[in-house]
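This report walks through a single structure for a reader who has not met it before. Please keep the sequence and the three-dimensional view at hand while reading.

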Amino acid sequence: MPDTRSRMLTEAMRLFGELGYTATTISKIEGASGLSPGSGALYKHFRSKKDILSFGLRERIRKRDALTTLLRTEVPATDPRALLRAVARSGLERLAYERDVNRILVRDLAAFPELLEEFRTAEVARNHAALTQLLQAQATAHATPGVPDTDWSAVAAILQDALSHYWLMADIYGGVHPTGVTEDAYLDTLTDLALALVPAQLPKEES
């Protein structure tokens, strides 16, 4: 069973995501954590509401998952398409896991520029750099002589933004993208588009 501090972190992040930072009071966090609302018990573990937000964000950022493992892939894949699709799938899964954090990011973090910058460097920029390196490594391994270099940093940014926007729109509309395009169809097409940027560099599937 989670200890009181961990329970407070979990419930505070959930409430921040659902209600917004301003609407989430210390009393609400205490009550959701199984403590007496208004008792001040939260201050035994955290200095303030902002303090619990900071710890909650850092705890989520530190989490390692399938996406983290895939982005560290250095050995050239025999099937680059399968690798890129797995990365995209894991990206959506991480976004879903970080649902509360994503809502806080969009709605509340502008009021805390230092936390916004920390999230940018520790999460967004880190994953972008890792994805750029993965794309470069795979493309180099399968390169065709004479083919112009591709700006893989820009490709990585496009893929990141596309996944984030798809997830955000689906989340807004209750888990189903407003266009009706399914997750599998989206991932298949996004992967194909990424590979089509350099058709001569990565091998096509045999028909």
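In helix H3, the buried residues are Lys49, Asp51, Ile52, Leu53, Ser54, Gly56, Leu57, Arg60 and Ile61, and it should be kept in mind throughout that the model is a predicted one. The cover over these buried residues of H3 includes helix H1 (4–19), helix H2 (26–32), helix H5 (80–97), helix H6 (99–107) and helix H7 (113–141). As for the length of H3, its 14 residues (49–62) should span 20 Å at 1.5 Å a residue, and the C-alpha atoms at its ends are 20 Å apart, which agrees with that expectation.

One of the buried residues of H3 is Arg60, which counts as buried because its relative accessible area is 12%, under the 20% that marks the limit for burial. Leaving aside residues up to four places away in sequence, Arg60 touches Met13, Arg94, Tyr97, Glu98, Asp100 and Val101.

Arg60 can be set beside two residues from other parts of the chain.

| Residue | Place | Relative accessible area | Class |
|---|---|---|---|
| Arg60 | helix H3 | 12% | buried |
| Leu35 | loop between H2 and H3 | 23% | partly exposed |
| Val106 | helix H6 | 62% | exposed |

Leu35, in the loop between H2 and H3, touches Thr4, Met8, Glu30 and Ala41 when residues up to four places away in sequence are not counted. Of these contacts, Met8 is 27 residues from Leu35 in sequence, while the two C-alpha atoms are 9.5 Å apart in space. Val106, for its part, joins Leu168, Ile172 and Tyr173 in a nonpolar patch on the surface, and together these residues have about 410 Å² of accessible area.

Which residues touch the most other members of the largest nonpolar core? They are Val87, Leu92, Leu131, Leu135, Leu159 and Leu163, out of the 27 residues that make up this core. Two or more residues of this core come from each of helix H4 (66–71), H5, H7, helix H8 (152–172) and helix H9 (183–196), and H8 gives the most, with eight residues. Within this picture, Leu135 touches Leu84, Trp152, Val155, Ala156 and Leu159, again without counting residues up to four places away in sequence. Apart from this core lies another, of 21 residues, which includes Leu15, Leu53, Leu57 and Leu109; Leu53 and Leu57 are also among the buried residues of H3. More generally, nonpolar side chains tend to be buried together in soluble globular proteins.

Technical notes. Residues are numbered from 1 along each chain as its sequence is written. This is a predicted model: local features need pLDDT of at least 70, side-chain atom pairs count only at pLDDT 80 or more; totals for chains, interfaces and linings use all residues. Side-chain values use heavy atoms; hydrogens and water are left out. Helices (H or I, at least four residues) and strands (E, at least two) are DSSP runs, numbered from the N terminus. The expected span of a helix is 1.5 Å times one less than its number of residues. Buried means under 20% relative accessible area, exposed over 50%, partly exposed in between (1.4 Å probe, protein chains only). Contact means heavy atoms within 4.5 Å. Patches are made of residues with over 30% relative accessible area and no salt bridge: like charges are joined within 9 Å, nonpolar side chains (Val, Leu, Ile, Met, Phe, Trp, Tyr) within 5 Å. Accessible areas come from the Shrake-Rupley method with a 1.4 Å probe; for residues, only the protein chains shown count as cover. A salt bridge is a side-chain nitrogen of Lys or Arg within 4 Å of a carboxyl oxygen of Asp or Glu. A nonpolar core is a set of buried Ala, Val, Leu, Ile, Met, Phe, Trp, Tyr and Cys residues joined through side-chain atoms within 4.5 Å.
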